[in-house]
Amino acid sequence: MMKLGLVSAILPDETFEQVIDYAAKVGFECVEVCCWPKGKAVRRYAGITHIDLDQSDDQKLAYYRDYAESRGVKISSLAYYPNPLDANEEAREVAGRHIRRLIEASKKMGVNMVTTFIGRDKTKSVEQNLDLFEEIWTPIVRYAEEMGVKIGIENCPMLYTKDEWPGGNNLACAPYIWREMFRRVPSDNLGLNYDPSHPYLQHADYIKPVYDFKDKIFHIHFKDIKIYPEKLYEYGAFSYPALWHSPKLPGLGGVDFGAFVSALNDIRYQGYACIEVEDKAFEGCIEDVKSGIEQSYRFMRQFI
């Protein structure tokens, strides 16, 4: 059966143990655990560290796995969403090194899944970025193969705010790009962490990819968005999307989650599916955050 979980990023001030205990209390079966290197966050929901690899030897990694399992919760993946194709070479290298560390840790913990972005150099064209992707990601994917770890690339364009415009910070936002990714770096260990809200934002079909890429869907995000027609009219679709949309709890935006989960059932998806909460209407205090998480859990549980 599909396993319903939570992305830990929405609980940045909680410890690993607090996140797992809360997830178990609500009824979640898994948690996608954020593992950013310690430091200043570069954006909202980034820089979250519920497992600090700098402070985690093999014994500590085993402790995290065992603690979660003792509460009846699986770790669905180790998560880190940087820009590994950043135009800044130092930032690019930092991202690549940490992704490799996540691959190693995921192997040692028996999680065997890392969820991340492929990144994008905003100064280059799509075609140039695909060449860069092939150069940078081929050795990363080969290393993941050696370790027996799968890499799920989220399909988020990271093109929302003025500082991300134009181009965005993650190339892997459309079927054409995914096909090129899998053609250029063929591997059973490279796939998608698929979120239906991202094609919905782009006014694209978010159900068809479930069927077209059924063998490449390694992990799922459940997130919704609301598009404001009057703001879209005012600013236009070619403006940065933060001007005309908002992330919402599942069921409070435009994604048809009944149809989406039905498609996942059609392809016999049996993996992890984690709710990603980024709804600003539920961020006034920790009680609001948890209210939003629990509302999302109740809504998605009717389908799973």
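Reader: Against which elements do the buried residues of helix 1 pack?

Author: In this predicted model, the buried residues of helix 1 are packed against strand 2 (30-34), helix 2 (58-70), strand 3 (74-79) and helix 10 (286-301). Helix 1 itself covers residues 16-26, and its buried residues are F16, V19, I20, Y22, A23 and V26.

Reader: Where do those buried residues fall when one looks down the axis of helix 1?

Author: They fall within an arc of 165°, so they line one face of helix 1. Just after the helix, G27 adopts a positive phi of about 120°.

Reader: I should now like to place helix 1 in the whole chain. How many helices and strands does the protein chain have?

Author: The chain contains ten helices and ten strands. Its radius of gyration is 18 Å, close to the 19 Å that the globule rule gives for 304 residues, so the chain is as compact as a globular protein of that length. Along the principal axes, the C-alpha atoms occupy a box of roughly 50 × 40 × 40 Å. Of the contacts with a separation of 6 or more, 77% are between residues 24 or more positions apart.

Reader: How should I read the strands, and in what order do they close into a barrel?

Author: The general idea is that strands of a sheet pair through backbone hydrogen bonds, in either a parallel or an antiparallel sense. Here, eight strands close into a barrel in the order 1-2-3-4-5-6-7-10, with parallel pairing. On average, neighbouring strands of this sheet are turned by 30° against each other, direction ignored. Helix 4 packs on the sheet, where it touches strand 4 (113-116), strand 5 and strand 6, and its direction makes about 140° with that of strand 5.

Reader: Which residues stand opposite each other along strands 5, 6, 7 and 10?

Author: One may follow the pairs in turn. Strand 5 (residues 150-154) is joined to strand 6 (residues 190-194) by four bridges, and I153 has L192 as its bridge partner in strand 6. Strand 6 then pairs with strand 7 over three bridges, again in the parallel sense, and N193 stands opposite H219 in strand 7. Strand 7 is joined to strand 10 (residues 272-275) by three parallel bridges, with F222 opposite I275.

Reader: Why is strand 7 described as largely enclosed?

Author: Six of the six residues of strand 7 are buried, so the rest of the structure largely encloses this strand. Helix 9 (residues 257-266) lies across strand 6 and strand 7 (217-222), and runs at about 165° to strand 7.

Reader: What is the largest nonpolar core made of?

Author: In soluble globular proteins, nonpolar side chains tend to be buried together. In this chain, buried residues make up 55% of the 304 residues. The largest nonpolar core has 104 residues, and I51, W137 and F222 have the most contacts inside it. Helix 4 (residues 126-147) gives the most to this core, with nine residues.

Reader: As a single-residue example, is M109 buried or exposed, and which residues does M109 touch?

Author: M109 belongs to helix 3 (residues 89-109). It is buried, with a relative accessible area of 2%. Leaving aside residues up to four places away in sequence, M109 touches I51, L61, Y64, R65, I75 and L78. M109 and I275 are 166 residues apart in sequence, and their C-alpha atoms are 22 Å apart in space.

How values were computed
Residues are numbered from 1 along each chain as its sequence is written. This is a predicted model: local features need pLDDT of at least 70, side-chain atom pairs count only at pLDDT 80 or more; totals for chains, interfaces and linings use all residues. Side-chain values use heavy atoms; hydrogens and water are left out. A nonpolar core is a set of buried Ala, Val, Leu, Ile, Met, Phe, Trp, Tyr and Cys residues joined through side-chain atoms within 4.5 Å. Buried means under 20% relative accessible area, exposed over 50%, partly exposed in between (1.4 Å probe, protein chains only). Helices (H or I, at least four residues) and strands (E, at least two) are DSSP runs, numbered from the N terminus. Two strands pair if DSSP finds at least two bridges between them. Axes are lines fitted to C-alpha atoms, for helices over the stretch in contact, and angles run from 0 to 180 degrees between N-to-C directions. Contact means heavy atoms within 4.5 Å. The arc is that of the directions from the helix axis to the C-beta atoms. The radius of gyration is taken over C-alpha atoms; the globule rule is 2.2 Å times the number of residues to the power 0.38.
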